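Please walk through this model with attention to how its rings pair, how its empty spaces are lined and how one of its helices is set into the rest.

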Amino acid sequence: MKAKKVLACVLASAMVMGLGVTAFAEEGGDQKITVWAWDETFNIKAANEAAEIYKAEHPDVEIEVVTMAQDDIVAKLNTSLSSQSYDGLPDVVLIEDYKIQGYLTSYPDEFADFSDVLNPEDFAAYKTGVNVVDGSFYGVPFDSGVAATFYRKDMIEEAGYTEEDMQDLTWDKYIEIGQAVKEKCGVDMCTLDPSDLGQIRIMMQSAGSWYTDADGNVSFTDNQALKDAITTYKKLVDAGITKQTADWDQFVGAFNNGEVASVVSGCWVASSIKAAEDQSGKWAVAPVPRMSENENSINASSIGGGAWYVLQNVGNADLAKDFVATTFGSNVDLMNQLVSDISLVSTLNAAAEAPNVSEGVEYFGGQTVNKDFAEWTAEVPTVNYGMHTYALEDIMSEAVQAIVGGGDMDQVLSDYEEQAKAAVGQ
């Protein structure tokens with residue numbers, strides 16, 4: 001375990017809040033912070049930029065940023081934390097929102113509390129909803145996974161619709177437009193991957209619901225938002241306007257190659273859309289559709305995203321907390337730079353006013369998409385993702401396909417709910 005001795009603590013004003021952050025001077029101790037994350041072009045780049053900013057003020061601190069596949073991070077954390085073996089673990093780790101409840105529940109004493117240096121209210125409410133437990137604030141929210149409807153303006157117009165028609169969408173209207181696009185342009189409206197129920201997650205969260213109830217218990221049969229989402233999903237399939245894909249490459253290839261007219265996904269897909277340089281100016285962005293069947297459903301939702309966590313028993317928790325709090329937790333200049341560098345949609349509320357957020361994006365016809373994303377992020381309903389999102393989704397994908405194939409929804413959900421409860425020990 002790394003030795004640490006805090007010799008001086010000076011309160012400095014945080015950039016965004018009226019709280020203090022801790023400045024450190026360590027003598028004879030290890031002043032190294034290790035950070036684990038995935039995705040070289042997004043999370044790793046952000047961590048390296050944060051490290052440079054921090055080292056400019058703390059030249060004696062060494063920060064090592066390590067790229068690791070998300071599945072490997074999960075495996076190493078589970079193995080080490082379950083045995084309380086901390087050698088080789090990082091001080092700071094990025095964890096996906098869908099997974100964090102499992103860690104906070106299973107290992108409640110392993111994560112540092114940021115309540116003394118950061119205010120949860122300074123971040124998007126739906127992000128802090130999964131990070132605040134019994135009054136303690138365990139993670140610093142990073143990227144927004146706010147959902148949006150990316151669409152080809154040229155195809156929508158050829159089908160007889162306008163940009164105004166793409167606003168305030170219901171899924172029923174989206175399907176209507178998709179049918180016209182299929183008839184006039186000969187392409188599908190969107191992709192669907194039977195093994196990836198991202199669309200179901202988007203629909204459920206738009207109504208403030210999840211595969212689990214507010215207490216994290218499996219909830220299929222009494223979950224009206226889930227039933228409405230499956231009904232809507234089946235409408236998409238039955239309309240004959242979806243292109244089936246089986247992996248990420250096929251998903252990206254479909255819109256890069258002009259095989260679909262829209263993409264309903266997280267804001268992070270923008271970078272993949274922009275990879276098709278020949279389509280610059282042909283795309284626009286609108287809010288995600290809402291479910292007309294469900295009165296609680298709104299034109300705002302999320303898919304994906306993560307937060308930065310400090311492992312408090314590894315050794316340099318205080319120094320690591322200061323690093324995270326003064327960079328990702330409060331530095332608007334860093335968030336502003338990351339808008340340009342990685343197209344970040346920050347969940348730090350103050351970052352919504354950063355200059356680069358209001359800049360028009362040429363690829364999307366000059367639309368201020370980052371400003372739109374920031375506004376929609378503030379509207380995303382908060383849900384309890386529970387401990388087993390992906391395990392439940394593996395089961396739910398079979399249930400959805402059974403219902404799409406003609407099975408009785410109530411019976412299918414009842415059968416699979418029992419299976420799901422057994423799988424997660426409820």
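Rings of Phe, Tyr and Trp, the last taken by its six-membered ring, count as a pair if their centres lie within 6.5 Å. In this predicted model, ring pairs of that kind link Y98, W210, Y211, Y385 and Y390 into a cluster. The structure as a whole holds 22 aromatic pairs, and two further examples can be followed in detail.

One of these pairs is formed by Y54 and F323, whose arrangement is edge-to-face, with 5.4 Å from centre to centre and 80° between the planes. Since Y54 belongs to helix 1 and F323 to helix 11, which covers residues 317-326, the pair ties together parts that are 269 residues apart in sequence. Both partners are shielded: Y54 is buried with a relative accessible area of 2%, and F323 is buried with a relative accessible area of 1%. Another pair joins Y103 and F111, whose ring centres are 6.3 Å apart and whose planes stand at 65°, so that this pair is edge-to-face; here the angle is to be read against the limit of over 60 degrees that defines this class. Y103 counts as buried at 5% relative accessibility, and F111 counts as buried at 2%.

Y103 also leads into the next topic, the enclosed spaces. The structure holds two cavities of 30 Å³ or more, and the largest of them has a volume of about 50 Å³. Its lining consists of W38, Q70, I73, V74, L94, I95, E96, K99 and Y103. The elements that give two or more residues to this lining are helix 2 (70-83), strand 5 (92-96) and helix 3 (97-106). By class, the residues lining the largest cavity divide into six nonpolar, one polar and two charged.

The second largest cavity contains about 30 Å³ of space, and the residues that line this cavity are F42, D143, S144, C267, W268, S343, L344 and V345. In this case the lining divides into five nonpolar, two polar and one charged residue.

Two of the residues named so far return when one turns to the open spaces. The largest pocket has a volume of about 1,400 Å³, and of the 50 residues that line this pocket, the closest to its centre are E96, D196, W248, S265 and W268. E96 is thus also part of the lining of the largest cavity, while W268 is also part of the lining of the second largest cavity. The lining of the largest pocket has 21 nonpolar, 17 polar and 12 charged residues.

S343, a lining residue of the second largest cavity, directs attention to helix 12, because this helix, made of residues 332-342 under the DSSP assignment of helices, is followed by S343, whose phi is positive, near 60°. At the other end, N331 caps the N-terminal end of helix 12, with a side-chain oxygen 3.0 Å from the backbone nitrogen of D333. Between these two ends, which residues of helix 12 are buried? They are V332, L334, M335, N336, L338, V339 and I342, where buried stands for under 20% relative accessible area. What covers these buried residues includes helix 1 (40-57) and helix 13 (369-377). Helix 1 has already appeared above, as the element that holds Y54 of the edge-to-face pair with F323.

How values were computed. Residues numbered from 1 in each chain as written. Predicted model: local features only at pLDDT ≥ 70, side-chain atom pairs only at ≥ 80, totals over all residues. Heavy atoms only, no water. Buried < 20%, exposed > 50% of the residue type's maximum accessible area, 1.4 Å probe, protein only. Helix = DSSP H or I, 4+ residues; strand = E, 2+ residues; numbered from the N terminus. Contact = heavy atoms within 4.5 Å. Polar contact = N/O pair within 3.5 Å; in protein donor to acceptor, adjacent residues only side chain to side chain. 1 Å grid on protein atoms, 1.4 Å probe; cavity = no way out; pocket = protein on both sides within 12 Å on 5 of 7 lines; lining within 4 Å. Points joined across faces, edges and corners; volume = space filled by probe spheres on them. Nonpolar A, V, L, I, M, F, W, Y, C, P; charged D, E, K, R; others polar. Phe/Tyr/Trp six-rings, centres within 6.5 Å; stacked < 30°, edge-to-face > 60°.
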